[in-house]
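User: I would like to learn how to read strands, helices and salt bridges from a set of coordinates. Please take one feature at a time, with the general idea before the case.

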Amino acid sequence: MYFGQNVPYLPVSTPRSADVVLYLDLDGVVHHEKVLWHPRKGIYMSPYEAAGHALFEWIPILESALEPYPAVALVLSSSWCIRPGYSATLKRLPLSIRSRFIGGTYHRRVHGIDPWNLSMYRAMPRGVQIQEDALRRKPRQWLALDDDLEGWPQSSRPSLVACHGTTGLSNPDVQTELREKLRTCHVT
């Protein structure tokens, strides 16, 4: 299923896009990074490593930052694209955020469903996943909110708003940087 040595087959379909896209990670961005998964419980905060924290606790901060920019679209750039899945993840988000999503960086239609392709995708640095998605979607400008900072291509670093996994969007410096970068996108 490959055209070249390391180039996966991509279907001939136009991905949903927007003028300005914000790639959104969840763990370490809209809530504390210490999230666990259990087959019966699903996804939940670690009661030991993140005591006192809740899933999506910093979503109101994101809503506030995006409010002046109704045209900014969101793309899910998180392991949540795989588990619990894109649709299941969106159902957990408030409508004000959910309605902005135009897709995720991982999609079965693009990346396939076989375990080898999935493991190759998971091994790819987040910044590369986002950069490849931006090349498919072709937004005029894009930003990324993420706490996974390893392996980011140097050319994409200016678009990154880096979070610390334990404070995410609750950090005032991250909030300021996000607001400044959104302002420079000239979205109205």
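Analyst: The turns below go through a strand, a helix and some salt bridges. The model is predicted, so local features need pLDDT of at least 70 and side-chain atom pairs count only at pLDDT 80 or more, while totals for chains, interfaces and linings use all residues. Residues are numbered from 1 along each chain as its sequence is written, and side-chain values use heavy atoms, with hydrogens and water left out.

User: Start with strand S1. Are the residues of S1 buried or exposed?

Analyst: In a regular strand, side chains alternate between the two faces of the sheet. Strands (E, at least two residues) and helices (H or I, at least four) are DSSP runs numbered from the N terminus. Buried means under 20% relative accessible area, exposed over 50%, and partly exposed in between, with a 1.4 Å probe and protein chains only. S1 spans residues 20-24, and 5 of its 5 residues are buried. Val20, Leu22 and Leu24 lie on one side and Val21 and Tyr23 on the other, so both faces of S1 are covered.

User: Which strands pair with S1, and in what sense?

Analyst: Two strands pair if DSSP finds at least two bridges between them. S1 pairs with S6 (residues 141-146) in the parallel sense over 5 bridges, and Tyr23 stands opposite Ala144 in S6. S1 also runs parallel to S4 (residues 73-76), to which 4 bridges join it. There the bridge partner of Val21 is Ala73.

User: How is a helix such as H7 read, and which of its residues are buried?

Analyst: An α-helix has 3.6 residues a turn, so residues three or four places apart point the same way. The expected span is 1.5 Å times one less than the number of residues. H7 (residues 172-184) has 13 residues and reaches 18 Å from its first C-alpha to its last, close to the 18 Å expected. Its buried residues are Val174, Leu178, Lys181 and Leu182. They cover an arc of only 100 degrees around the axis, which puts them on the same side of H7; the arc is that of the directions from the helix axis to the C-beta atoms. The face turned away from the buried side carries the exposed residues Pro172 and Asp173.

User: What covers the buried residues of H7?

Analyst: Contact means heavy atoms within 4.5 Å. The cover includes S1, helix H1 (59-66), S6 and strand S7 (160-162).

User: How many salt bridges are there, and what does Asp19 pair with?

Analyst: A salt bridge is a side-chain nitrogen of Lys or Arg within 4 Å of a carboxyl oxygen of Asp or Glu. A search of the whole structure finds 8. In one of them, Asp19 pairs with Arg140, the closest N and O atoms being 2.9 Å apart. Asp19 lies in the segment before S1 and Arg140 in the loop between helix H6 (126-137) and S6, so the pair ties together parts 121 residues apart in sequence. Asp19 is partly exposed at 42% relative accessible area, and Arg140 is partly exposed at 44%.

User: Which salt bridges lie within a helix?

Analyst: Two examples follow. Arg136 and Asp133 meet at 3.3 Å, N to O; both lie in H6, 3 residues apart, about one turn of the helix. Asp133 is buried at 2% relative accessibility. In H7, Lys181 forms a salt bridge with Glu177, with the closest N and O atoms 3.0 Å apart. Lys181 and Glu177 are 4 residues apart, about one helical turn. Lys181 is buried at 17%, whereas Glu177 is partly exposed at 28%. Elsewhere, salt bridges that share partners join Asp25, Arg126 and Asp146 into one network.
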